[in-house]
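Biologist: Hi! Could you walk me through this one?
Modeller: Happy to, let's open it up.

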Amino acid sequence: MKKIQGFLFTIVVIFFSFILVGCNSEKKEDTMIKTPASAKELKKENYEDVQKLFNQAGFEDIVLKEEADLKIGLLSKEGDVDSISIDGDTKFEKGDSFDKTAEVVIIYHVFPQEDSTPSNSKEESSSHSLTRENSTSNSPKKSESSSTQEVKIEEKADNEIITVENNSEFVNVLTGIDDYKAYKEFAEKYKNRKVEFDGNIAYMSLHGNNKTRYDFLITPGNYDSNGNSGANFQINNKNVTYDLHLTGDNIPDSISEGLNIHIIATIDSYNENADLLMITPIEIKIR
């Protein structure tokens, strides 16, 4: 009798053990979800789309990281996914199972922030003008008159809009192939001066997380999907309606890539990290 009772007790213990294991297995399976796509498929997709895809799949811990490595001319666009990992796994395939609490890290491309270090060129120019005025104040009246006339000529030249007709350096900026040194020297020499040229909107993208402000890549000449010679200009963080200063009687309902434009703008600086000549628009006409 005791043997029978012992045997029955053993069976009961084994039975409940299977139930507990089954419950734990079901509980574990409840937290496991499948990847909606492979890591390879998601590369170069927009990071916001990828984030949404993983949210819909049930992943709870999604981390976004910027990789400020973009330069104009690369195949990647701002916001394109560089890499994605799940719990450190960068080679997962579609349908692989992970815990829904696994950390998903999405790294995406962005342009480097413009170096906002102020230039001393304006101060040097002011100092130069003061030196000229001080030196002429101790000269005879005839010399003073001559010097004043020279200053006025210089001021007139400074106010003149730079074009390909009056500035050979600007011709090189618009036509030189990857002459980054010349682009930088031009930006530093003519900082705060106005330029006027025919160009096109080669690319535009939202500025950061803004919904109404954009960064515009402007290249010289007519739009060409294969790219253009000359410097790459950027209009940074501008609203289409108010900041582009669109004029003329053929302003379109919306601004998009591929538009040929005639632009007057101020030279701001040169972004060496992205090889961009930064400008602020004064007037833009659609060609």
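**The aromatic cluster and its surroundings**

Modeller: Let's start with the aromatics: Phe170, Phe186, Tyr190, Phe197 and Phe233 form one aromatic cluster. Keep in mind that this is a predicted model.

Biologist: Good to know. What is the mean pLDDT of the protein chain?

Modeller: The mean pLDDT is 82, and 73% of the residues in the protein chain reach 70 or more. Over residues 116-139 the pLDDT is below 50, and that stretch has 10 contacts in the model beyond near neighbours in sequence.

Biologist: Back to the rings, then. How many aromatic pairs are there by this rule?

Modeller: The count comes to 10 aromatic pairs. One of them is Phe170 with Phe197, an edge-to-face pair with 5.9 Å centre to centre and 75° between the planes.

Biologist: Where do Phe170 and Phe197 lie?

Modeller: Phe170 is in helix H6 and Phe197 is in strand E6, so this pair ties together parts that are 27 residues apart in sequence.

Biologist: And is Phe170 buried or exposed?

Modeller: Phe170 is buried, at 0% relative accessibility. Phe197 is buried as well, with a relative accessible area of 3%.

Biologist: What about Tyr180 and Tyr183, what kind of aromatic pair do they form?

Modeller: Tyr180 and Tyr183 make an edge-to-face pair, 5.9 Å centre to centre with 80° between the planes. They sit 3 residues apart in helix H7, so about one helical turn separates them. Tyr180 counts as partly exposed at 35% relative accessibility, whereas Tyr183 counts as buried at 2%.

Biologist: Let's go back to H6. Which residues in H6 are buried?

Modeller: Phe170, Val173 and Leu174 are buried there. Those three cover an arc of only 90° around the axis, which puts them on the same side of H6.

Biologist: Nice. What do the buried residues of H6 pack against?

Modeller: They pack against H7, strand E6 (194-206), E7, strand E8 (233-239) and E11.

Biologist: And what does Asn167 do at the start of H6?

Modeller: A side-chain oxygen of Asn167 reaches to within 2.9 Å of the backbone nitrogen of Glu169.

Biologist: Changing topic to charges: how many salt bridges does the structure hold?

Modeller: There are 5 salt bridges in the structure. Glu169 takes part in one of them, meeting the side chain of Lys189 at 3.2 Å, N to O. Lys189 lies in helix H7 (residues 180-189) and Glu169 in helix H6 (residues 168-175), so the salt bridge ties together parts that are 20 residues apart in sequence.

Biologist: Lys189, is that buried or exposed?

Modeller: Lys189 is exposed, with a relative accessible area of 53%. Its partner Glu169 is partly exposed, at 34%.

Biologist: What does Lys184 meet in a salt bridge?

Modeller: The side chain of Lys184 meets that of Glu272, again at 3.2 Å, N to O. Lys184 is in helix H7 and Glu272 is in the loop between strand E10 (260-271) and strand E11 (276-286), so the two tie together parts that are 88 residues apart in sequence. Lys184 counts as partly exposed at 26% relative accessibility, and Glu272 is partly exposed too, with a relative accessible area of 49%.

Biologist: One more of these. Which residue forms a salt bridge with Arg213?

Modeller: That is Asp243, with the closest N and O atoms 3.2 Å apart. Arg213 lies in strand E7 (residues 213-220) and Asp243 in helix H8 (residues 240-243), so this salt bridge ties together parts that are 30 residues apart in sequence. Arg213 is partly exposed, with a relative accessible area of 26%.

Biologist: Last topic: where does Leu246 lie?

Modeller: Leu246 is in strand E9 (residues 246-247). Leu246 is partly exposed, with a relative accessible area of 23%.

Biologist: Which residues does Leu246 touch, not counting residues up to four places away in sequence?

Modeller: Leu246 touches Val240, Ile251, Ile255, Ile284 and Ile286.

Biologist: And how many residues apart in sequence are Leu246 and Ile261?

Modeller: Leu246 and Ile261 are 15 residues apart in sequence, and their C-alpha atoms are 9.8 Å apart in space.

Biologist: Great, thanks for the tour!

Technical notes:
Residues are numbered from 1 along each chain as its sequence is written. Side-chain values use heavy atoms; hydrogens and water are left out. pLDDT is the predictor's confidence in each residue, from 0 to 100. Contact means heavy atoms within 4.5 Å. A salt bridge is a side-chain nitrogen of Lys or Arg within 4 Å of a carboxyl oxygen of Asp or Glu. Helices (H or I, at least four residues) and strands (E, at least two) are DSSP runs, numbered from the N terminus. Buried means under 20% relative accessible area, exposed over 50%, partly exposed in between (1.4 Å probe, protein chains only). The arc is that of the directions from the helix axis to the C-beta atoms. A polar contact is a pair of N or O atoms within 3.5 Å; within protein, one must be able to donate a hydrogen and the other to accept it, and residues adjacent in sequence count only if both atoms are side-chain atoms. Rings of Phe, Tyr and Trp (its six-membered ring) pair if their centres lie within 6.5 Å; planes under 30 degrees apart count as stacked, over 60 as edge-to-face and the rest as tilted.
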